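Open the model in your viewer and keep the selection tool at hand. We will go from the whole chain to single side chains, one stop at a time.

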Amino acid sequence: MGALAAGLVRGGADACHNRRLLLGRADAGAWLYRQGAGCLRRMRHRGQGGRPAKPRRARRGGAGRRLLRGTSCAPRRSRAADRGSARPRRKRDGRHRPAGGALRPMPSPLFRGRALAWAVPALAEAAALGRSVAFAWAIGPDELGRAMMLALTVRLVEMVSDLGADRLMLQAPDGNSARLQADLQGAMVLRGLACALALLCAAPVLALTFGDGPAAGSYALLAAVPLLRGLAHLDFRRAERGYRYRAMAVVEGGATLAMAASILPAIALTGDHRAMALVLTAHGAAFALLSHGVAVRRYRLRLSRPALMRVWRFGAPLALNAVLLFLTFYADRLIVAGAHDWATLALYGVVLQLALLPAQIVGRAAGSLVLPQLREALSRGRLEAVWPRILTAHAGLALGLTAGFTLLGPSAIARIYGQEFRVDTALALAVGLAAGFRVLRTPYSQRAVATGRTGDPARANLVRALALIPAAACAALGLPLAAIAAAAAAGEAGATLRAHLLTAPRRALPLAKESLA
């Protein structure tokens, strides 16, 4: 016992200061006992306390092994340091410091997800283009025009009822909460039920409006599309708040592939425009199933009046803007359908689809990529520093789109769709200008949503909707399709100018300043 006490005292004197820096006070007793026992074993080994004892093998790299070696209790250097090269260490600012000391920036989640944010909309629009090509070669221009009418009907119902639930999840400060997600999912279910009921009621009216168009049963089949999409799980949208786009890629990309896989079976089953209803239904079903498959949270629905009113206040301006967007995107096709035959509608629809393909990709990618970036910049007070770079990138895309479609569009359409779809240069130039101005207006719409000014896109699109008046006049006068497209291009230019003026800072008039003085 005397030797043990001496060992305790000597062990405490050897390394007390160093080890107290490494251990907490709660472990002081156990540590002190281990120190004394270690000193007792060393004394026995040196012949000071009886029979020599073999030192106990400590854990590799532990503090006990250093004590048995008689070395200091200071932290041991890493193996890389022993070899003369320091291992790169990650800094808090997300950068690596190599052996030379230079800082190398790490790719942020924004840049890692940029490829998915652009690839998924590109895949969706490419699949839509391939769908129209397959319909054009399989059922001909007349049936393609009727199939486009079915697709226009679904798009109209979805755009009119779009209250921006997914955008509210990205924009709201509490967008990551499970409560808000349940509220938004409940609103989505109500939206799907309302859209399905509206399509069932409007089917006979639409069949009577276009006498030689799709039948009432074809319009009624479309009711399943919004009903299925309303049952989707919004967890993949929540992941976009952290710039994580993998779940979004699985849901939207998988639904697009399911739609593409169903084209040939649907055409073989029906042989006419009714195949479009089956293809759209397959897309909606795959979208809902995949959204539940990638979800992390359990699917919950919550219906409350305050939550629904919040969704309405946020989405009512967006719904109005969606109505105006439908008028800007598709109303001119309705004008063509009323003034020309189904084959002419198919030609005009094909030209618009191919020209607006990049614009649709940019718009959908901006909702997943630009909107979170603007929201983060706004929270940090750096919106004006980020905005010029975003606007310049979209201006370059718009210029390249206009020039490329004007030069390459007519020949590309003839090769892809066949010689029955021939486009003159004037029509290609007008449609290319319309698509370019729409790309240029995309960042203004995303900035309006990020700043909470959801009514600004509707105000800008109102100018575009007014362009339908000269377009209808051109159709009534029997002018060529290039004149209708020119009216659409003028409307897009006016809407872009209006969006820019709404974004520009407002300055007080000199008279107002003098009156305040």
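## The whole chain

Begin with everything selected: of the 517 residues in the protein, 46% are buried. What you are looking at is a predicted model, so a look at its confidence comes soon. Switch to a cartoon view, and you can trace 23 helices and 3 strands. Now turn on the surface. The accessible surface is about 26600 Å², and carbon and sulfur atoms account for 62% of that area. If you display contacts between residues at least 6 apart in sequence, 79% of them join residues at least 24 apart.

## Colour by confidence

Next, colour the chain by pLDDT. The mean for the protein is 76, and 73% of the residues reach 70 or more. Which elements mark the lowest and highest mean pLDDT? Select residues 63-68 for the low end: this is helix α3, with a mean of 41. Then select residues 275-293 for the high end, helix α13, where the mean is 93.

Two stretches deserve a careful eye. Over residues 48-53 the pLDDT is below 50, and the model gives this stretch 10 contacts beyond near neighbours in sequence. Residues 57-112 also stay under 50; here the model has 54 contacts beyond four places in sequence.

## Helix α11

Select residues 246-261 to bring up helix α11, which has 16 residues. Put a distance label between its first and last C-alpha: the helix reaches 22 Å, close to the 22 Å expected at 1.5 Å a residue. Show its side chains and look for the buried ones, which include Ala-247, Met-248, Val-251, Glu-252 and Met-259.

Stay on this helix and pick Ala-258, which lies in α11. Is Ala-258 buried, partly exposed or exposed? Its relative accessible area is 27%, so it counts as partly exposed. Now add Ala-285 to the selection. The two residues are 27 apart in sequence, and their C-alpha atoms are 9.1 Å apart in space.

## Arg-146 and its surroundings

Move on to helix α5, residues 109-160, and show Glu-143 and Arg-146. Both lie in this helix, 3 residues apart, about one turn. Their side chains meet in a salt bridge, with 3.5 Å from N to O. With a relative accessible area of 14%, Arg-146 is buried.

What does Arg-146 touch, leaving aside neighbours within four places in sequence? Show Asp-212, Gly-213, Pro-214, His-273 and Trp-342, and you have its contacts.

## Salt bridges across the chain

A search of the whole structure finds 15 salt bridges, and two more of them make good stops.

For one, select Asp-183 and Arg-302. They form a salt bridge whose closest N and O atoms are 2.7 Å apart. Asp-183 lies in helix α7 (residues 178-209) and Arg-302 in the loop between α13 and α14, so the pair ties together parts that are 119 residues apart in sequence. The two partners can be told apart on the surface: Asp-183 is buried at 7% relative accessible area, whereas Arg-302 is partly exposed at 23%.

For the other, select Arg-464 and Asp-332. Their closest N and O atoms are 4.0 Å apart, and the pair forms a salt bridge. Distant parts of the chain are linked here: Arg-464 sits in helix α20 (residues 456-466) and Asp-332 in helix α15 (residues 331-339), 132 residues apart. Arg-464 is buried, with a relative accessible area of 2%, and Asp-332 is buried, also with 2%. Now add Arg-438, Arg-441 and Glu-492 to the selection: salt bridges that share partners join these residues with Asp-332 and Arg-464 into one network.

## Last stop: cysteines

Finish with the cysteines. How many disulfides are there? A disulfide is a covalent bond between the sulfur atoms of two cysteines. With a cut-off of 2.5 Å between cysteine sulfur atoms, the count comes to 0 disulfides. Two cysteines to select are Cys-201 and Cys-474: Cys-201 is exposed, with a relative accessible area of 54%, whereas Cys-474 is buried, with 14%.

Methods: Residues are numbered from 1 along each chain as its sequence is written. This is a predicted model: local features need pLDDT of at least 70, side-chain atom pairs count only at pLDDT 80 or more; totals for chains, interfaces and linings use all residues. Side-chain values use heavy atoms; hydrogens and water are left out. Helices (H or I, at least four residues) and strands (E, at least two) are DSSP runs, numbered from the N terminus. The expected span of a helix is 1.5 Å times one less than its number of residues. Buried means under 20% relative accessible area, exposed over 50%, partly exposed in between (1.4 Å probe, protein chains only). pLDDT is the predictor's confidence in each residue, from 0 to 100. Contact means heavy atoms within 4.5 Å. Accessible areas come from the Shrake-Rupley method with a 1.4 Å probe; for residues, only the protein chains shown count as cover.
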